[in-house]
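Please read the following account alongside the sequence and the coordinates, beginning with the overall fold and then moving to individual side chains and backbone angles.

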Amino acid sequence: MALQFTTSYMQDSLAVFRQYKKMADAAIAQVTDEQLYAVLDQEMNSLAIIMKHMAGNMRSRWTDFLTTDGEKPDRNRDSEFEQPPDIRTGLIAMWEEGWQRLFSALEPLSDEDLTRTITIRGEAHSVMQAINRQVAHYSYHCGQIVFLAKHLQSANWKCLSVPRSKSQEFNRKVLAGEASQR
């Protein structure tokens, strides 16, 4: 699908969130159940831990987004880095619920809402600042997911963007409206 031109910050933010979710979903789909829980060393997080952390963050940030602090009192961030659900379906359900909370919170908003004030950990943010904060946070973790999945799949990895030595072909498709990075 070709990039949809817009001058709406909200439309573009939602498109960026969807782009990163799609990329992370495609990476997760390529790994085995065992690989979801693999760690490269004791300081690394597994794919499952990254997904659990993101889901916990999304639940906290996007539940009652405009009316309550984005760091919910019942959130235990440290526990997000321990013992993820031990089956793929449970992990995916948690992941999907987090993304659904994000989209449910943002889809009703318009660009006029961007100057409204919300709080995260008691600090005031404009809605735009809060969205930018989360775009940066989630793109960071989605990049980790793709990197780790690619490492784990190695020669079996299916490229999620422009394959090596295929840039000219990709550019031709973009110009023809047949492809886009989004």
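The chain, which is a predicted model, contains six helices and two strands. Followed from the N terminus, its elements run α-α-α-α-β-β-α-α, with the two strands placed after the fourth helix and before the last two.

For the overall dimensions, one can start from the expectation for a compact globule of 182 residues, which would have a radius of gyration near 16 Å; the chain has 18 Å, and this agrees with that expectation. Taken along the principal axes, the box filled by the C-alpha atoms is roughly 50 × 45 × 25 Å. Of the 182 residues, 39% count as buried, and the surface that the chain exposes comes to about 10600 Å², with carbon and sulfur atoms supplying 52% of it. When contacts between residues at least 6 apart in sequence are considered, 73% of them join residues at least 24 apart. As for charge, there are 21 positive and 23 negative side chains, and the centres of these two sets lie 6 Å apart.

The aromatic side chains deserve a closer reading. A pair of aromatic rings is described by the distance of the centres and the angle of the planes. With rings counted as a pair if their centres lie within 6.5 Å, the chain has six aromatic pairs. One of them joins W95 and W99, whose rings are 5.7 Å apart from centre to centre with 70° between the planes, an edge-to-face arrangement. Both residues belong to helix α4, which covers residues 88-106, and because they are four residues apart there, about one helical turn separates them. W95 and W99 are both buried.

How are the rings of W99 and F103 arranged with respect to each other? Their centres are 6.0 Å apart and their planes stand at 25°, so this pair is stacked, since planes under 30 degrees apart count as such. W99 and F103 are again four residues apart in helix α4, and therefore about one helical turn lies between them. W99 has a relative accessible area of 0% and is buried, while F103, at 9% relative accessibility, also counts as buried because the limit is under 20%. W95, W99 and F103 are members of one aromatic cluster, which further includes F17, W62, F65 and Y138.

A buried serine offers another view of the interior. S60 is located in helix α3, residues 47-62, and with a relative accessibility of 0% it counts as buried. If its neighbours within four places in sequence are left aside, S60 is in contact with D69, G70, E71, K72 and R75.

Two other serines, S154 and S165, direct attention to the backbone. S154 has a phi near 50°, which is a positive value in a residue other than glycine, and S154 is placed in the loop between α5 (127-153) and α6 (167-175). Is S154 buried or exposed? At 54% relative accessibility S154 counts as exposed, because the threshold for that class is over 50%. S165 likewise is not a glycine, yet has a positive phi of about 65°, and S165 too is found in the loop between α5 and α6. With a relative accessibility of 79%, S165 counts as exposed.

Conventions. Residues are numbered from 1 along each chain as its sequence is written. This is a predicted model: local features need pLDDT of at least 70, side-chain atom pairs count only at pLDDT 80 or more; totals for chains, interfaces and linings use all residues. Side-chain values use heavy atoms; hydrogens and water are left out. The radius of gyration is taken over C-alpha atoms; the globule rule is 2.2 Å times the number of residues to the power 0.38. Buried means under 20% relative accessible area, exposed over 50%, partly exposed in between (1.4 Å probe, protein chains only). Contact means heavy atoms within 4.5 Å. Accessible areas come from the Shrake-Rupley method with a 1.4 Å probe; for residues, only the protein chains shown count as cover. Lys and Arg count as positive and Asp and Glu as negative; His and the chain ends are not counted. The place of a charge is taken as NZ of Lys, CZ of Arg, CG of Asp or CD of Glu. Rings of Phe, Tyr and Trp (its six-membered ring) pair if their centres lie within 6.5 Å; planes under 30 degrees apart count as stacked, over 60 as edge-to-face and the rest as tilted.
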